[in-house]
Amino acid sequence: MRDILKTEELEIPDGVTVSVKSRVIVVTGPRGTLTKNVRHVNMDIRLIKGKGNKVTLAVWQGNRKHVACLRTIKSLITNMSTGVTKGFLYKMRTVYAHFPINCIIQEDGRKLEIRNFLGEKTVRHVDMLDGVTISESKTQKDELILEGADVENVSQSAASIQGICRVRNKDIRKFLDGIYVSEKTTIIQD
């Protein structure tokens, strides 16, 4: 069944400017600028300027999957506005039973080198994506902190670190070593 018109409305917080031109969304705030191309989704994206700025999303004659894209794009814009105001912060912990995992941060937080994972001689390298910096926690031992404005880049960098430390050819119920995400939050706390 097709719906004639489905709409979603989104309030833009103070200190954030949003511009939309041919389904390319640009969100600017105190922590920088984020751009997202959503041309693959067929919908109306309008910016309403009044007392409070609003973004309206509309889908005409959409089936169920097409209407579901409304909420997706709304969440994307919300995450972008959160990123340019508060920023995203992921905390990761190194977990090991016997061989201590050695994490070395290189190039001012742009690269991570992982040594001695399960006692292996192999050195693992992970490059952070654009706008993501990694640092060691000052308060907690064996903790890495990833910071950035784009939630997709921060979470993908965390996933790359976790994925490169997968245990192979062993019982994963017994060998729980690795680097895992322990907390997802924002840089500026409310």
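**Exercise 1. Determine through how many residues the hairpin joins S5 to S6, and how the two strands pair.**

Step 1. A hairpin leads from S5 to S6 through five residues. Strands here are DSSP runs of E with at least two residues, helices are DSSP runs of H or I with at least four residues, and both are numbered from the N terminus.

Step 2. Strand S5 covers residues 44–48, and strand S6 covers residues 54–62. S5 and S6 pair in the antiparallel sense over five bridges; two strands count as paired if DSSP finds at least two bridges between them.

Step 3. Within this pairing, Ile-45 has Leu-57 in S6 as its bridge partner.

The model is predicted: local features need pLDDT of at least 70, side-chain atom pairs count only at pLDDT 80 or more, and totals for chains, interfaces and linings use all residues. Residues are numbered from 1 along each chain as its sequence is written, and side-chain values use heavy atoms, with hydrogens and water left out.

**Exercise 2. Identify the parts that the salt bridge of Lys-54 and Glu-9 ties together.**

Step 1. The side chains of Lys-54 and Glu-9 form a salt bridge at 3.4 Å, N to O. The term requires a side-chain nitrogen of Lys or Arg within 4 Å of a carboxyl oxygen of Asp or Glu.

Step 2. Lys-54 belongs to strand S6 and Glu-9 to strand S1 (residues 3–11), so the pair links parts that are 45 residues apart in sequence.

Step 3. The structure holds 11 salt bridges.

**Exercise 3. Describe the open sheet S2-S3-S4 and the helix that packs on it.**

Step 1. Three strands in the order S2-S3-S4 make up an open sheet with antiparallel pairing. At its edges are S2 (17–21) and S4 (32–37), each of which pairs on one side only.

Step 2. From one strand to the next, the twist averages 15°. Axes are lines fitted to C-alpha atoms, for helices over the stretch in contact, and angles run from 0 to 180 degrees between N-to-C directions.

Step 3. Six bridges connect strand S3 (residues 24–29) with S4 in the antiparallel sense; Val-24 has Asn-37 in S4 as its bridge partner.

Step 4. Helix H1 (residues 64–85) packs on this sheet and touches S3 and S4, its direction making about 25° with that of S3. Contact means heavy atoms within 4.5 Å.

**Exercise 4. Explain why one side of S8 and of S10 is left without a neighbour in the sheet.**

Step 1. S8, S9 and S10 form, in that order, an open sheet with antiparallel pairing.

Step 2. S8 (102–106) and S10 (124–127) stand at the edges with a single partner strand each, so one side of each has no neighbour in the sheet. The twist here averages 20° from one strand to the next.

Step 3. S8 and S9 (residues 111–115) are joined by five bridges. Ile-105 stands opposite Leu-112 in S9, and Asn-102 has Arg-115 in S9 as its bridge partner.

Step 4. Four residues separate S8 and S9 in their hairpin, and Glu-107 in the turn has a positive phi of about 50°.

Step 5. Helix H2 (residues 151–164) lies across S9 and S10 and runs at about 170° to S10.

**Exercise 5. State how many helices and strands the chain has, and what its C-alpha trace spans.**

Step 1. The chain has two helices and 13 strands.

Step 2. Its C-alpha trace spans about 60 × 40 × 25 Å along the principal axes.
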